[in-house]
Amino acid sequence: MCVPLTGAGARGFLRRIFLTSFLIACSARAQAPTPASTPTELDKVIVTATRVEQPLADTLPHATVITRADIERLQIGDLLQLLGQQAGVEMARSGAFGAQASAFMRGTSSSQTLVLIDGIRLNTAVGGAATLGGISLDTVERIEIVRGNLSSVYGSEAIGGVIQIFTRGGGKPGASANVEAGADHSQIASVAANTRLGTTELSLAGGYREAKPFSAIDTTRLVPGPFAPGANPDLDENRNRSGSLRVRQPIGERTEVGASVWTTHNDTDFDSTADGPTATHHEHAQQTAWQVSVRVNATEQWNTRLQAGETRDESRNVVSDPFSFNNGEFRARNRQVAWNNTFVVLPMVNAQLGIEQLQQRGSSTSYDQNFTNALVTFDRRVRAVWTGATAQVDAHQLQLNLRNDDYSDVGSATTGLAAYGYQFTPAWRLNLQYSTAFRAPSFNDLYFPGFGNPQLAPERARSIEGGVRYAVDQNSLRLVIYETRTSDLIAFDTTTNRAENIARAKIDGAELVLATQLADWRIEVTADASRPIDESTGQRLLRRAPYRASFAASRTFGPIEVGASLQHVAARYDSDINTFARTRLEPYTLLRATFAYRVAEQVRLTLRIENITDAKYELVSGYNTTRRGAFVGAEVRI
């Protein structure tokens with residue numbers, strides 16, 4: 001259970017974080033930061049596409065890297081908001097920050113998108129998806145997004161793609177502190193520090209944010225009924241605190257030991273139509289992750305890395321009505337050990353071989369068939385072996401992956417990937433890729449009363465895609481066209497009155513990402529189109545837009561930084577909040593602007609305006625979203 005962080009509690013938490021950061025900063029050499037130029041695709045590196053570090057420009061799967069500099073330039077503190085601005089990634093949230101949310105990659109479901117934090121799986125076995133609605137960016141150093149099937153690299157859930165979050169670390173010695181306040185009763189504070197103690201690198205970050213923006217449910221939309229008497233119209237509040245710690249220790253010239261710890265706590269009010277207009281609902285949620293790794297350059301041709309870690313996701317709902325079915329609790333845990341080996345087979349050919357063991361545990365009061373709110377627990381074990389190869393010979397690039405996952409409860413799955421790139425000019429490359437993927441049934445699929453079926457098999461998918469990439473200096477372009485077919489999808493079968501592997505889906509789509517420099521303006525354009533269809537009904541899958549487009553521009557005028565972005569999302573379909581019938585969510589366009597002024601080398605003032613046109617829109621039927629608001633802040637670096 002998370003203790004609400006108010007008054008003295010909030011001040012105490014921030015005091016401890018600021019004090020620790022100050023002590024770290026004092027041990028680091030003081031430095032005056034200079035504004036960094038925006039990294040290009042040619043500058044950035046990525047790990048997630050192959051589990052081995054490589055230049056982003058050499059990655060064959062369609063990938064994006066978001067750095068700490070990008071996050072600060074955009075002035076975005078919400079992980080889900082940032083993901084929703086990326087090509088091929090959609091999001092939906094039933095309320096404000098901290099509320100239940102979903103992320104859809106390439107039209108797939110949230111349980112078909114794998115999320116990692118520092119290499120450890122964040123998706124839970126309870127529902128299959130990762131909890132993303134209440135993760136702030138205060139403790140995040142970078143985010144890597146790889147689109148398309150990657151089960152042959154990471155196993156289950158990686159059908160739509162993989163999102164990997166890296167916690168703060170690796171920066172130059174120094175410290176920073178940020179504060180921000182504005183609309184929606186919003187108050188935000190964060191700190192970060194990096195230092196070196198001898199050969200040891202140490203990084204610490206922490207943040208606190210609170211807001212009370214609106215009632216999650218738009219009560220004017222409700223039609224009261226016998227089983228849905230209404231929702232409470234009061235403002236719903238969220239309080240979030242997060243922290244991370246990262247340590248890196250070289251041992252000699254060939255060995256490196258690293259470790260990281262991350263946690264986020266959310267206390268969030270939420271709404272329900274089932275308990276009436278006077279009932280109050282509150283969720284106490286906590287997510288934690290830790291990992292330890294050892295990397296050894298055993299020889300000039302062999303690099304080996306052993307990693308062990310754990311993630312936990314725990315939540316407890318408390319309703320003012322003790323007899324409400326919304327009262328409940330769940331706990332999920334992943335324990336993961338992976339051993340990865342990279343071999344230089346030839347000067348331009350690398351091979352990989354790895355093994356992994358994952359232990360998943362999930363507990364939920366929803367599994368209690370006696371309705372006494374007792375926690376019922378299920379466990380499973382996953383053993384995997386994978387291999388892969390990357391090659392670059394003259395104008396030709398190749399990536400091959402093969403993996404087998406053996407589940408103790410639902411059997412095994414073997415997946416593969418073959419990608420080819422042809423650099424037909426120094427700037428242009430043609431890409432082709434074929435891959436297969438799977439999703440293991442969650443504990444909800446297997447054991448939920450009135451729905452679950454312990455005999456379920458994994459969902460299966462196969463994808464083919466092709467595209468072109470262009471990259472020269474500050475200019476880059478990526479265009480991808482893809483087709484994904486999923487079979488054995490889990491759905492409720494009215495003939496057996498339980499879940500069965502009976503559904504199929506077809507997703508066709510395209511993605512465009514363009515970045516360029518025009519007269520000192522940094523221009524970024526993204527667009528995607530998709531057609532995710534349930535083949536059993538012929539209807540579009542819910543909450544997926546047929547197309548989206550965004551335009552962003554930013555520029556620095558001496559000490560002044562300005563930026564603006566425009567995003568348009570087409571109409572989608574959802575289940576009506578009253579009747580559960582299929583209903584249309586109207587299209588919307590959002591305009592935001594950012595401004596920053598560097599008073600001194602160590603001091604930066606910020607201003608951002610969200611939803612400038614005050615557009616009223618829905619991400620989930622019947623739920624409110626953020627209206628126009630301005631936020632001012634200050635950042636100090638030492």
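# Notebook: patch, strands, cavity, salt bridges

I began with the nonpolar surface patch and looked up which element gives most to it: β17 supplies the largest share, 5 residues. The model is a predicted one.

**Entry 1, the patch.** I listed its members as Trp302, Leu306, Val337, Trp339, Phe343, Val345, Leu346, Leu353, Ile355 and Val385, which together have about 870 Å² of accessible area. Two or more of these residues come from each of β16 (302-319), β17 (328-346) and β18 (349-364). I picked Phe343 for a closer look and found it in strand β17. Phe343 has a relative accessible area of 31%, so I noted it as partly exposed. Patch membership requires over 30%.

**Entry 2, the hairpins around β25.** I followed β24 (residues 475-493) into β25 (residues 498-518); the two strands run antiparallel and are joined by 16 bridges. Which residue of β25 is the bridge partner of Ile490? I found Asn501 there. The hairpin leaves 4 residues between these strands, and Asn497 has a positive phi near 60°.

On the next step along the chain, β25 is joined to β26 (residues 521-534) by 14 bridges, again antiparallel. I checked Lys506 and found it opposite Ile533 of β26. This hairpin has 2 residues between its strands, and in the turn Ala519 takes a positive phi of about 50°.

**Entry 3, an open sheet.** I traced 5 strands in the order β3-β8-β9-β6-β7, with mixed pairing. At the edges are β3 (63-67) and β7 (120-121), each of which pairs on one side only. Inside this order I looked at β8 (residues 140-147) and β9 (residues 161-167), an antiparallel pair with 7 bridges. Arg142 stands opposite Phe166 of β9.

**Entry 4, the second largest cavity.** I counted 12 cavities of 30 Å³ or more in the structure. The second largest has a volume of about 350 Å³. Its lining is made of 21 residues, and those nearest the centre are Gln75, Asp138, Asn178, Glu180 and Ser190. I noted the elements that supply at least two lining residues each: α2 (68-74), β10 (174-182), β11 (186-197), β33 (603-610) and β34 (629-637).

**Entry 5, salt bridges.** The count is 50 with N to O within 4 Å. I looked up three of the pairs.

Glu618 bridges to Arg221, with 2.3 Å between the closest N and O atoms. Glu618 sits in the loop between β33 and β34 and Arg221 in the loop between β12 (200-214) and β13 (236-251), so the pair ties together parts 397 residues apart in sequence. Glu618 counts as buried at 18% relative accessibility, whereas Arg221 is partly exposed at 29%.

Glu356 and Arg403 meet at 3.5 Å, N to O. The pair links strand β18, which holds Glu356, to strand β20 (residues 396-407), which holds Arg403; the two residues are 47 apart. Are these two partners buried or exposed? I found Glu356 buried at 8% relative accessibility, and Arg403 buried at 2%.

Arg637 pairs with Glu635, the closest N and O atoms being 3.0 Å apart. Arg637 is partly exposed, with a relative accessible area of 22%, while Glu635 is buried at 5%. I then looked for what else connects to this pair. Both residues belong to a network of salt bridges that also links Arg68, Glu72, Glu561, Arg598 and Arg604.

How values were computed:
Residues numbered from 1 in each chain as written. Predicted model: local features only at pLDDT ≥ 70, side-chain atom pairs only at ≥ 80, totals over all residues. Heavy atoms only, no water. Pairing = 2+ DSSP bridges. Patch = residues over 30% accessible without salt bridge, like charges linked within 9 Å, V, L, I, M, F, W, Y side chains within 5 Å. Areas by Shrake-Rupley, 256 points an atom, 1.4 Å probe, with all protein chains shown as cover. Salt bridge = Lys/Arg side-chain N within 4 Å of Asp/Glu carboxyl O. Buried < 20%, exposed > 50% of the residue type's maximum accessible area, 1.4 Å probe, protein only. 1 Å grid on protein atoms, 1.4 Å probe; cavity = no way out; pocket = protein on both sides within 12 Å on 5 of 7 lines; lining within 4 Å. Points joined across faces, edges and corners; volume = space filled by probe spheres on them.
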